[in-house]
Amino acid sequence: MRNVQTVAANTFREAVRDRVLYNLVFFALLMMGAAILVGQISIGIEQNVIVSLGLSAISVIGIFIAVFLGVALISREMEKRTLYALLAKPVKRWEFLLGKFFGLVMTLTVNTAAMAAGLYIALWTVKHPLLKSDAYILVAVYLILLKLALIVALALLFSCFTTPFLAILFTAGIYVAGLFAADLRTIHGVDLDPGALRLMRGISYLLPNFQNFDVMSAVVHGRGVPGTIVWHATVYAILYIAIVLTGAAVVFSRRNLK
Amino acid sequence: MPQGAIEIEHLSKEYPYGFLSLKKKKSLEDLTMRVEDGEVFGFLGPNGAGKSTTIKLLMRLIFPTAGTARILGKSIDDVSMHGSIGYLPEQPYFYDYLTAHELLDYFARFHRLTASDRAGRVQAMLKKVGLDTAKKIQLRKYSKGMLQRVGLAQAILHDPQVVVLDEPMSGLDPLGRREVRDIILGLKRDGRTVLFSTHVLSDAEMLCDRVGVIVGGKLRGIGAPGELMDMKAQGMEILFELSGAAGNLPLLEKATRTGERYRVQLPETELYAALDALKAAGARILSVTQIKPTLEEYFMHLVENDRAQASAVEVSGK
């Protein structure tokens, strides 16, 4: 695992030096603006607006980074041929792949944690003291992070066998489809062939169910999130990521480099 | 037979191309060769001949269509073998957000060196390739020649047994090339095996114990530079001075003249008769040498043969 660690640390360093964390400035400005505006126009729903806006921004910014940097993790290395010298070292290809994955997840963790801190600061400016129930925001942030890790794994898989452009399209497509995975399972009353319905249901189980990670509406209204939902989402994400990364490793281990 | 440092057996590589990748282009065809332990081996060939393909196959960057290879007795599938080899890619490109020091330190970590060993090796390598003063500059600000030096440093950083260099002289000025030559000779002195590909034939002649010439994906010749050329050696050259009237010496019709000096090439069987004739005409013989083609001539001969064969196949195909 030391090789994985070394590659991960360098991937994190790359993200920092390529100024990926500069998005935090945008987030900070958004939160400051929201806090000022909310203080002036809304009465009694400051918390809802700030938490809703903050969690949505954390999710959207994170998805952009996960998709675009996730695809670039491998494709940029292949295009620039920076991995030639590295793969001639005693490093297995799956170790390299796993290192790249954990490096970007590490970047997203730091980024998401910083944004969560910004969200709490914005919340504190419109409402203090903070309440115990506000801690549920952290649960929502944790689940967003799990979702981002899953997106990174998908982006890595696609970038192992197709062009960066198609890999971005596939990852974004699977993400959007995954948002409706649960709905596909419960379609009733639609005039569809039973065979087509079965196929749709089968596909819905293959797709990653991103609704598992969405607890925003409960958290925005200050309601708690049951522990079972968190455990279920955690186990689901770990298993799904493991399967996707195994597939990516199999493809990448036989890939001819240019 | 003792184990060679690099043993290649029937290695072939085909690339699919065209609609649905149905057509195949042979990039390397049935390559079998050995590089002996401790020798400097030059891999020569024109662009697209299969030199880089062979090296990439050895480094497991691409996978063979057929055949096998071993380095230091281990299959190239065995990743642990990479701990004993160093590799410089062609036109190397490294993480440009790192400094040379950071890059070498990063690569050194994969070789399980202790922190103090790592620091010592990195510093020594930077000094060896002349980048000691530029070690804190990000690689994005490096010239092509400087990147080549970093590439060389990372290849020999862990003191490998076998060093594989793909066009190590590329992009270097005469001073840089001299330094690379010295490094290769230093590796040889230390008993390391070096396989390098090059276009610069004089470098190969100067450095290599043996060379292999690859053209059109096939190995066309292998041996010591001297041996390869001896096989093709033919004819003699006489250099002589002749002043005043030369009479009607028939030899002069074939000679090239510079002032009073003449140079003539002729078959070995006619040498003594020619010398007698020159002596009788009062010529002063300056030198008699065997005509040995240079490595470049030998190389060009193989390349032209290959092109002639390819066009013959094309014509008969039509």
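**Group meeting: a walk through chains A and B**

Let me begin with one pair of residues, B:Phe240 and B:Ile285, which are bridge partners, the isoleucine sitting in strand 14 of chain B. Before I go further, please keep in mind that what you see above is a predicted model.

That pair belongs to a wider pairing, since strand 11 of chain B and strand 14, residues 284-290, run antiparallel to each other over six bridges. Strand 11, which covers residues 236-241 of chain B, also pairs with strand 13, residues 261-266, again in the antiparallel sense and over six bridges. Within that second pairing, B:Glu237 has B:Gln265 of strand 13 as its bridge partner. For anyone new to such arrangements, the strands of a sheet pair through backbone hydrogen bonds, and they can do so either in parallel or antiparallel fashion.

Now to another sheet in chain B. In what order do its six strands lie? The order is 6-7-8-3-9-10, in an open sheet with mixed pairing. At the edges are strand 6, residues 85-88, and strand 10, residues 218-223, each of which pairs on one side only. If we ignore direction, neighbouring strands of this sheet are turned against each other by 15 degrees on average. One of the pairings here joins strand 3, residues 40-44 of chain B, to strand 8, residues 193-198, in the parallel sense and over five bridges, and in that pairing B:Phe41 is matched with B:Leu195 of strand 8.

Which helices of chain B lie across these strands? One of them is helix 4, residues 144-156, which lies across strand 6 and strand 7 of chain B and runs at about 170 degrees to strand 6. Another is helix 5, residues 174-189, which lies across strand 3, strand 7 and strand 8 of chain B, at about 155 degrees to strand 8.

Stepping back to chain B as a whole, its secondary structure amounts to nine helices and 14 strands. Its radius of gyration is 25 Å, well over the 20 Å that the globule rule gives for 318 residues, so chain B is more spread out than a compact globule. Taken along the principal axes, the C-alpha atoms of chain B fill a box of roughly 80 × 55 × 40 Å. Of its 318 residues, 37% count as buried, and among the contacts in chain B with a separation of 6 or more, 70% are between residues 24 or more positions apart.

Let me turn to the nonpolar cores. The largest has 152 residues, and A:Val152, A:Ala153 and A:Leu156 are those with the most contacts inside it. Helix 6 of chain A, residues 136-159, gives the largest share of this core, 19 residues. Setting aside neighbours within four places in sequence, A:Val152 is in contact with A:Ala66, A:Gly70, A:Phe101, A:Leu104 and A:Val105. There is also a second, separate core of eight residues, which includes B:Ile238, B:Phe240, B:Leu251 and B:Ala283, and this brings back B:Phe240, the bridge partner of B:Ile285.

Finally, how many residues does each chain bring to the contact? Chain A brings 20 residues and chain B brings 21 residues. On the side of chain A that touches chain B, helix 1, residues 2-17, and helix 4, residues 83-87, each supply at least two residues, and the largest share, five residues, comes from helix 1 of chain A. Sorted by class, that side of chain A has seven nonpolar, five polar and eight charged residues.

Notes: Residues are numbered from 1 along each chain as its sequence is written. Chains are lettered from A and ligands numbered from 1 in the order in which they are written. This is a predicted model: local features need pLDDT of at least 70, side-chain atom pairs count only at pLDDT 80 or more; totals for chains, interfaces and linings use all residues. Two residues are in contact if their C-beta atoms, placed from the backbone, lie within 7 Å. Helices (H or I, at least four residues) and strands (E, at least two) are DSSP runs, numbered from the N terminus. Ala, Val, Leu, Ile, Met, Phe, Trp, Tyr, Cys and Pro count as nonpolar, Asp, Glu, Lys and Arg as charged, and the others, Gly among them, as polar. Two strands pair if DSSP finds at least two bridges between them. Axes are lines fitted to C-alpha atoms, for helices over the stretch in contact, and angles run from 0 to 180 degrees between N-to-C directions. The radius of gyration is taken over C-alpha atoms; the globule rule is 2.2 Å times the number of residues to the power 0.38. A residue is buried if 20 or more other C-beta atoms lie within 10 Å of its own, exposed if 12 or fewer, and partly exposed in between; C-beta atoms are placed from the backbone. A nonpolar core is a set of buried Ala, Val, Leu, Ile, Met, Phe, Trp, Tyr and Cys residues joined through C-beta atoms within 7 Å.
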